[in-house]
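Please study the sequence and the structure shown below. The questions that follow take up a sheet, the nonpolar cores and a patch on the surface.

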Amino acid sequence: MLEYKPEEIEKKWQKKWLKNKTYQTSNNYKLPKYYVLDMFPYPSGEGLHVGHPLGYIATDIVSRYKKNLGFNVLHPMGYDSFGLPAEQYAIQTGKHPALTTEINIKRYRQQLDRLGFSYDWNREIKTSDPKFYKWTQKFFIMMFNSWYDNKSNKAKKITSLIEKFNQSGTKDVNASVTKKHSFSSDDWKSFSEVKREEVLMNYRIAYLSEGTVNWCPKLGTVLANDEVKDGLSERGGYVVEQKIMKQWSIRISAYAERLLKGLEQVEFSKSLKEQQRNWIGKSNGATVTFKTQNNTDIHVFTTRLETIFGVSFLVLAPENKIVNKITTEAFKSKVALYKQETLKKSERQRLADKTKPTGQFTGGYAIHPITKKQIPVWISDYVLNDYGTGSVMAVPAGDQRDHDFAKEFKLDIPEIFENIDCSKSAYIEKNTNLKNSDFLNGLNIIKAAEEVNQRMFKDNTAAPKVNYKFRDAIFSRQRYWGEPFPVYYDGSTPKTIEQQQVLLPKISKFLPTEDGQPPLARATESSWNIFKGDRMEHNTMPGWAGSSWYFLRFMDPSNDKEFAAAENLKYWNQVDLYVGGAEHAVGHLLYSRFWTKFLYDHEKISFNEPFKKLVNQGMIGGPIHFILLKKDKVNNQPVFVENTLENRESSCIKIACHIDFVSEGGTKTAHLNKKQLESFIKWRPEYKNAIFKVKETSFTVKEISAKENLKFKLVTEQGKMSKRYFNTIDPEKICDEFGADTLRCYEMFLGPITEHKPWNINGISGVYNYFKKTWKLIHGFTDKAASQEELKLLHKTIKKITEDIDNLSFNTAISTFMITTNELIKLKTTSKKVFKDLLVLLSPFAPHFTEELWETLGSTESITKAPWPKYNEKYLVETNYSYPVSFNGKMRFKIQLGLDLDKETIEAKVLKDPRTGGYLDSKTPKKVIVVPGKIVNIVI
C-alpha cells in the first residue's frame, strides 16, 4: 500500500489483534510484571469525547513500551456501571438501568476499540455484574464482622472481641468506637441478644448508626460531601438539606493515622498528598471538660489550651445532643427554630459561609475549669457536630470566627495577649506573651502551653487528644441502581446473609416510595431471590463500594471461588502506574487505600497500599460558543444580537451554541453563517419567532435565507469540554478524517500529560502530515547498511524516546519523532535496520501505523513482540566539532573538524580553508589562538 490510508489499516489490525488475542495477558509468574491501570470509567449515554482518552492513551503507551521491554503487562479495562445517572434516566424513561447501562457500555467499547488500545478484554469487569458485586457484598460482611483494635493497630474478627467481653468485659479493650461503653463480663453475659447486637454495632467496622446526612429530596438519596456543591447536588443542581437518618457507615476514621503514614510509601504528586492530608486533618491538642450548672459535662477539643483564660463563651453544634439537656425553658422555642434553619444548610455551606454569623443562646451556662466563672453556652452552625466533640471553647481574642460571633452578639472579648489590641480583630499568630492569664502571665505561647498542659492534665480538667477532621464514610444510598446489601432485619436488628448471594430485585418504579422509603422498599417478597426476617435492607451501597477494590479483581476476574487467587494477588501485587482525573484525588483514593489496608489486616493481600505511582492527567478543554440573547424582548419576541463589546456589557444572556453549527470555531471570529443559523433554530425551536440583529439591521428567521454572506458573530470562551456547553467532540469523527494514530499522537503532542490544555483542531494536520512523510520515507527501504550519521541519529532518538516514556514526557517524544523523520529525509535514509528500530520506538504511540509498516518490512510477528531497541553510547559520542573561526574576536564562519586533532593540525586546516584567505586579504596573521573543542581566533 503506497498511500497512507489510516481507516483501512486500522480496521485491518484491530481485527487481527482480536483474532490473534494479541493483548491477552497470561499469569506468567516467571516474567517480571508491570500493572498499568486507568481509573474506572462510568459508561455515560454520551460516550467518550476527545478529552476522555487522554489518560487512556498515556497508559497504553506505557503498557506497550513495557511489553517491548519484556515485562508481563496487565492493562485491563472495565466499567463502574452502578450509579445515579442510569437511575435518573430510568426514572425519566421507565427503561431499566441494566438495559441503558449495557447500551452505554457497547458504545464505550466501540469507541475504545476504535482508538486501538491494548486492553485485555478477557478481563473486563462491570460493577453491576452479580459475579463482581458478589465479592463486594462479601467484603461488606467481612467489615460487619470486624472491629478495629487500637493496640495492634489493625482490624480483627468480631469473634475475638466477643471473646474479650466474655472474659473481662470492656477491661483492656482499646477499640475504635462510636460511643464508649463500660461493662463487666457478667454484664455482657446478662445482656439479651438484642442488647449484645446493639453493643457490637458500636464496634463493627461496617455499622448502622444515626447521623446527619446530605439528603436530596429531588434525587431521593443521600449524597457524599464531594457530590454536593454550594448546597446543591452536583448532578441536576437540586437543593440538598441536612437530615438525621439511620444508615450504614464504614469506620474509615480508625485508619486515619495509617492513611497519613502510607502517603510516605507512594509516588503521588505533592499537591495530591497535601489534599489527602488536609482531608484527614490531623490536629494535636487536648479535650477540656466544662461542667454546666445542671452537672452536664461538655467536652471541648482545642489545639490552643494556653488560651483557656480567653474563653468567654462556649458554642455547640445545633445537632449536639447536649443542647437539649442544657437549654432552659425560656429558650426552647428559639433553639428549636434555629436548629430547623441549620438543617437547610449543607456541611460545606456551613464551613464556607463568610457572611454575618448566626447563633442562639441556650439559656445555659458552663463553669470555667480554672476561674470557676460562669460562661454562656450558645449554638451556631459554624460548629459541626461530627468534628471533634461538636463543641467549641470560644476565644474571641485568638480566633476570627469566635471574634466575629462575639462582636455580633455583644459578648466579652478578653484581652490575653501582651501589646496586642484584639478589639477589632483576633490575633492568630504565636509571637507574643500572655497577660490576664493567671499563672501563665508573661509566658510566651510555647512555654504557656507546656505549663497549662501539665497542670490541667494533672487535675483531670483536660486530657491530651489527637483529633482528625476525617469522618466515617456513609455507606448507604437511598437509590435502586447499586449493590444490594446482604442484610435482612429481625425486628430492628440487622443480620447478614452469608451463604447465598442477594441479587438486586426487579421493581416497577425507580423513585422512592410515597412515604420516603428507598426504591427497594417497592420490591415485593417474591421479587427478592432471598427474603429473610421481617424485611430486607432497602438501601444500596454507594458507587465507591465497587471502585475501591476493582483493581484486585482484574488480577483474576473469572474466579468464582474467591475474589482472586492468592498466587495472582502475590504476582500482580500493587498497581505500578495508575492514571486518572484529579477529581478523584481525595474520595476514591482514600476509600481504595482504606479497603486495601482492611484486606491487608485480614491477610487477604500482602501489600497495604493499592497504587505505587499515581498520575492525574490534565483536562483537555474546549472552546465554548455562546449566542447573545437580549434579556428584554421586542414585541414579545426574543432578540439575538452579535458579539460586540457594547452587547457584552449590556443585559444579555449567553446561550450555549452547539459546536457543530459554528464556523471558525475556537477563534475570536467564530460565527454562524446562514445555514448554521437555520440549523440553530431547528435545534432550538423555542426561538423560531426570534429576531436576529446584525449591526443596525434586524431580520426574522424567515428572512435568513435572503441574507448573503451572513456572519453572525458569537462569543468564544475556553472552558471544560462538556455536554452542558454542547462543545464535546466525538473521537470517532477525528478518526474518520485523520485516523486513530493521528488522534493518539496529537493528544499527546498538545502538552505535558499533567497539564490542562485547550483542544484546537487546527494543529492536528501537522501530526497527520508527519505520518504521511514517515510512511513515504519507510516505503523506500533497502537492505543498505546505515551510515555513521544515520546510526548517530537513530541512537540519539532511541535514548531520547526511552527517557521521555520513562518520564511520561509524551509531548516531547512526538516532537523528537518529527525531528528524526525530517533528518532522515535529509540524509536520504533507506536503511531497513534504521526503519525497524524507529518503528518499534513509535509503536506504543501509533500501533496501527507501525504494525502495517512492520509487516511491509517483512516481519511476520506482531511488533508488540519486538524487543525495545537499546542505544549504544559509542554512536552518541561526538567525533567532530563545528569550530567557530573568529578574526580579531569577531566570528566569521564555522568549520567541521575532528575532535581528535591537535592544535597544530587544527591551525593548519583553518589556515588552508579558502574562507580564511578571504578574511586575511594576503595579510600574515600575528597570532592564531586554538582552544581544542572550543574556538579558533586569528589575530591580524
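Q: What is the order of the strands in the open sheet of three strands?
A: In this predicted model, the pairing in the sheet is antiparallel. Strand 19 (493–496) and strand 20 (535–536) each have a single partner strand, so they stand at the edges and one side of each is left without a neighbour in the sheet. The order is therefore 19-18-20.

Q: Which residue in strand 20 is the bridge partner of Tyr488?
A: Strand 18 covers residues 487–490 and pairs with strand 20 in the antiparallel sense. Two bridges join this pair. For Tyr488, the bridge partner in strand 20 is Met536.

Q: Which helix gives the most residues to the largest nonpolar core?
A: In soluble globular proteins, nonpolar side chains tend to be buried together. The largest nonpolar core here has 79 residues, and Phe771 and Phe845 are among those that touch the most other members. With eight residues, the element that gives the most to this core is helix 24 (residues 764–778).

Q: How many residues does the second, separate core have?
A: This core includes Leu74, Ala256, Phe563 and Leu589. Its number of residues is 69.

Q: Is Ile929 buried, partly exposed or exposed?
A: Ile929 lies in strand 34 (residues 927–931), and with Val931 and Ile935 it forms a nonpolar patch on the surface. Together the three have about 200 Å² of accessible area. The relative accessible area of Ile929 is 31%, and because buried means under 20% and exposed means over 50%, Ile929 is partly exposed.

Conventions
Residues numbered from 1 in each chain as written. Predicted model: local features only at pLDDT ≥ 70, side-chain atom pairs only at ≥ 80, totals over all residues. Heavy atoms only, no water. Pairing = 2+ DSSP bridges. Helix = DSSP H or I, 4+ residues; strand = E, 2+ residues; numbered from the N terminus. Core = buried A, V, L, I, M, F, W, Y, C linked by side-chain atoms within 4.5 Å. Buried < 20%, exposed > 50% of the residue type's maximum accessible area, 1.4 Å probe, protein only. Patch = residues over 30% accessible without salt bridge, like charges linked within 9 Å, V, L, I, M, F, W, Y side chains within 5 Å. Areas by Shrake-Rupley, 256 points an atom, 1.4 Å probe, with all protein chains shown as cover. Salt bridge = Lys/Arg side-chain N within 4 Å of Asp/Glu carboxyl O.
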